[in-house]
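Here is a short briefing for a first look at this structure. Keep the sequence and the 3D view open side by side while you read.

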Amino acid sequence: MKVHVSVPATSANLGPGFDALGLAVSLYNEVEVREAAKTTVAVEGEGTGRLPAGDKNVVVRALRLVYDAVGRKADGWTVRCVNRIPPARGLGSSAAAWVGGLVAGNALLGSPLDRARILRLAARAEGHPDNVAAAVYGGLTVAGGEGESVVALSLPVPPSLVWVALIPDVTSSTAEARAVLPPKVPRADAVFNVQRVALLLASLQAGRVDTLAAALDDRLHQPYRRRLFPWMPSVISAARAAGALGCVLSGAGPSILAVAPGVAESEAVASAMEKALSRAGVGGSARVLAVDTQGAAVREQPS
Ligand code: HSE
């Protein structure tokens, strides 16, 4: 049997929800896997020629992880990846690889693990739960807990909102973007973020777009990461001036995520963000995206 899994890109944090919120969006990596006498990995699209082709490949590590978790053995797997999520841009390419491998392996084994267990394995492998929760469940996810106690819920997002990801040509390492964060923050900043994340979830639940700009503000990570992405404030200002309701760093960066009230505004926002980035001397392109509401989806095929 061969299984085919599609996994959405994810934008973590959404401003104030550092390491807690994630949004799955309509850009997908595909993973096709079957058991084999030895492991081979073929990659098409993003990362071609740069991703490991053997046991170090994250999809293969995830397959091994799920087989180990249920006490099953395999000599290897034939893996084919079609990658559309650009790597090292803050759009969850690593989460997609972990979740893709875990969901594919689970399906090959007859689906002994439920999504909650897949989430826990993925969160431990990834180190934080926000991207993997959105990749597993789809939608806007709220994740919390450590290790075996990680839990997540997926919430509906007003369907009228349109999301725009500005993807710079430059890459950034999550480890480096976490290393610039201070180990302690002032209580006033913690309170600021608690208020904003609560306001964000309430605004989305009530369909209130007028409170989104205030709700997307953050003091826990974006101010510190600005020195890695000095063009961030001008891109955010340009997006707001072009009609964005709010604009944030996507995950650990460098992508920027804006939310617009409709399709016409989203196109103006995309163009304004591209121009602002280009004025700062950095190339990149913006994509208008919908929310993915399904999360990782598996299809079994006779091989
Ligand atoms: N919440 C994480 C961070 C996401 O901002 O570091 C990284 O993908």
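Helix α9 lies across β7, β8 and β9, and runs at about 155° to β8. This is a predicted model. Helix α10 lies across β7, β8, β9 and β10, at about 15° to β7.

**The four-stranded sheet**

- The strands under these helices form an open sheet of 4 strands, in the order β8-β9-β7-β10, with antiparallel pairing.
- β8 and β10 are the edge strands, and each pairs on one side only.
- From one strand to the next, the twist averages 20°.
- β7 and β10 run antiparallel and are joined by 6 bridges.
- Opposite W163 stands L289, in β10.

**Helix α10**

- Does the length of α10 fit, and what span should its residues 263-279 give? At 1.5 Å a residue, its 17 residues should span 24 Å. The end C-alpha atoms are 25 Å apart, which agrees.
- The buried residues of α10 are S266, V269, A270, A272, M273, A276 and L277.
- These buried residues pack against strands β7 (162-168), β8 (246-249), β9 (256-260) and β10 (284-289), and against helix α9 (232-241).
- G281 comes just after α10 and takes a positive phi of about 85°.

**Helix α2**

- α2 covers residues 93-108, 16 residues in total.
- From its first C-alpha to its last, α2 reaches 22 Å, close to the 22 Å expected at 1.5 Å a residue.
- Because 15 of its 16 residues are buried, α2 is largely enclosed by the rest of the structure.
- G110, just after α2, has a positive phi of about 90°.

**Strand β1 and its partners**

- β1 spans residues 2-12 and is mostly covered, with 10 of its 11 residues buried.
- β1 runs antiparallel to β2 (residues 21-36), and 10 bridges join the two.
- H4 has E32 in β2 as its bridge partner.
- β1 also runs antiparallel to β11 (residues 297-301), through 5 bridges.
- V3 has E300 in β11 as its bridge partner.

**Salt bridges**

- The structure holds 10 salt bridges.
- One of them joins R80 and E32, at 3.6 Å from N to O. R80 lies in strand β4 and E32 in strand β2, so the pair ties together parts that are 48 residues apart in sequence.
- R80 is partly exposed, with a relative accessible area of 34%. E32 is buried, at 17%.
- E148 and R117 also meet in a salt bridge, at 3.7 Å from N to O. The pair links distant parts of the chain, 31 residues apart: E148 is in the loop between β5 and β6, and R117 is in helix α3.
- E148 is partly exposed, with a relative accessible area of 46%. R117 counts as partly exposed too, at 22%.
- D189 forms a salt bridge with R219, and their closest N and O atoms are 3.3 Å apart. D189 lies in helix α6 and R219 in the loop between α7 and α8, so the pair ties together parts that are 30 residues apart in sequence.
- D189 counts as buried, at 14% relative accessibility. R219 is partly exposed, at 34%.
- Salt bridges that share partners join K2, E32, E44 and R80 into one network.

**A buried arginine**

- R225 is found in helix α8, residues 222-225.
- R225 is buried yet has no salt bridge. D19 has the nearest side chain of opposite charge, 6.5 Å away. A salt bridge needs the nitrogen and oxygen within 4 Å, so this pair does not count as one.
- Leaving out residues up to four places away in sequence, R225 touches N13, F18, A177, R178, V180, L181, L249, G251 and A252.

**Backbone details**

- D19 lies in the loop between β1 and β2. Its phi is positive, about 65°, although D19 is not a glycine.
- D19 is partly exposed, with a relative accessible area of 22%.
- A88 sits in the loop between β4 (76-83) and α2. Its phi is near 60°, a positive value in a residue other than glycine.
- A88 is partly exposed, with a relative accessible area of 35%.
- The peptide bond from G253 to P254 is cis, with omega near 5°. P254 is in the loop between β8 and β9.

Definitions and conventions
Residues numbered from 1 in each chain as written. Predicted model: local features only at pLDDT ≥ 70, side-chain atom pairs only at ≥ 80, totals over all residues. Heavy atoms only, no water. Buried < 20%, exposed > 50% of the residue type's maximum accessible area, 1.4 Å probe, protein only. Lys, Arg positive; Asp, Glu negative; His and termini not counted. Contact = heavy atoms within 4.5 Å. Expected span 1.5 Å × (residues − 1). Pairing = 2+ DSSP bridges. Axes fitted to C-alpha atoms, helices over the stretch in contact; angles between N-to-C directions.
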